[in-house]
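Work through the exercises below with the sequence and the structure at hand. Each task is followed by a solution in steps.

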Amino acid sequence: LGTPRGLWGTLTALSPQDWEQRQEEDTLLIERILLLVRNVLHVPPDPTEEQQGVDGDASVHDRVLWALHISGMDDLLKFLASAQVEQQWALHVLEIISLMFRDQSPEELAALGQGTAGAEHREDTQELETLRQRELAEKRARALQRPSRHSRFGGSYVLQGLKSIGDRDVVFHKGLHNLKSYTHDLGKEPRRVPRHRQAA
């Protein structure tokens, strides 16, 4: 029971059981095993032992993590964290996982295992960034070439000498190039003639 394999075997025998069928002793045993794993991972590193090791040699913490991985305990922890019926162990599992990553910085974890894929990803990111900069420059150049107002804006003009209703001058809201085709019926719906009154 003391080795990771023994702990894993005990937990796998108890975990798949339906929580209604699980005895109180089984629940206590699962909790004690999780607390044991948490306490083992919680032990602080010994600086004198860490200095005696060869550079690049795995620390005690790393060796414990490797033993847990070899035994399959990490898969079981993932199962306990994700199973809906095992929510009572969520805080224990969360604490164990945070202790697993205790000595790691997020940057180191993100850089691990990338290798050539990471270099390719960086190249792709740089290429996308240059394409994005080029597209933004083209968009700025097009915006500078464009007039500040859109072409449909013609302003409002008063047509002197042409009276509207009430002896006032006509206010024309279209562009000046449309002035030649101006009539008082501009913008009105054409009156529909019934079919029997239409010209043959």
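**Exercise 1. Place L109 and describe its surroundings on the surface.**

Solution. L109 is found in helix α7, residues 106–111; helices (H or I, at least four residues) and strands (E, at least two) are DSSP runs numbered from the N terminus. This is a predicted model, in which local features need pLDDT of at least 70, side-chain atom pairs count only at pLDDT 80 or more, and totals for chains, interfaces and linings use all residues. Residues are numbered from 1 along each chain as its sequence is written, and side-chain values use heavy atoms, with hydrogens and water left out.

Next, take accessibility. L109 has 34% relative accessibility and so counts as partly exposed; buried means under 20% relative accessible area, exposed over 50%, and partly exposed in between (1.4 Å probe, protein chains only).

Last, L109 joins I97 and F101 in a nonpolar surface patch with about 230 Å² of accessible area together. Patches are made of residues with over 30% relative accessible area and no salt bridge, where like charges are joined within 9 Å and nonpolar side chains (Val, Leu, Ile, Met, Phe, Trp, Tyr) within 5 Å. The areas come from the Shrake-Rupley method with a 1.4 Å probe, and for residues only the protein chains shown count as cover.

**Exercise 2. Summarise the protein as a whole.**

Solution. Begin with the elements: the secondary structure comes to 8 helices and 2 strands, in the order α-α-α-α-α-α-α-α-β-β. Then turn to burial: of the 200 residues, 18% count as buried. The exposed area is about 16,300 Å², and carbon and sulfur atoms supply 55% of it.

**Exercise 3. Which residues touch the most other members of the largest nonpolar core?**

Solution. The core has 13 residues, and L34, L41, L77 and I96 touch the most other members. Helices α2 (24–42), α5 and α6 each supply at least two residues of this core. A nonpolar core is a set of buried Ala, Val, Leu, Ile, Met, Phe, Trp, Tyr and Cys residues joined through side-chain atoms within 4.5 Å.

Now look at single residues. Not counting residues up to four places away in sequence, I96 touches L34, V37, R38, L41 and L77, where contact means heavy atoms within 4.5 Å. H92 lies in helix α6, residues 90–100, and is buried at 17% relative accessibility. Beyond its neighbours within four places in sequence, H92 is in contact with E31, L34 and L35. L76, in helix α5 (residues 73–82), is buried at 8% relative accessibility.

**Exercise 4. How many salt bridges does a search of the whole structure find?**

Solution. The search finds 3, each being a side-chain nitrogen of Lys or Arg within 4 Å of a carboxyl oxygen of Asp or Glu.

- R38 and E95 meet at 3.4 Å, N to O. R38 lies in helix α2 and E95 in helix α6, so the pair ties together parts that are 57 residues apart in sequence.
- D75 and K78 meet at 3.4 Å, N to O. They are 3 residues apart in helix α5, separated by about one helical turn.
- R132 and E129 meet at 3.2 Å, N to O. They are 3 residues apart in helix α8 (residues 115–145), again about one helical turn.

**Exercise 5. Describe how the strands pair.**

Solution. Strands β1 (residues 157–163) and β2 (residues 169–172) run antiparallel, joined by 4 bridges; two strands pair if DSSP finds at least two bridges between them. Y157 stands opposite F172 in β2. The two strands form a hairpin with 5 residues between them, and G166 in the turn has a positive phi of about 85°.
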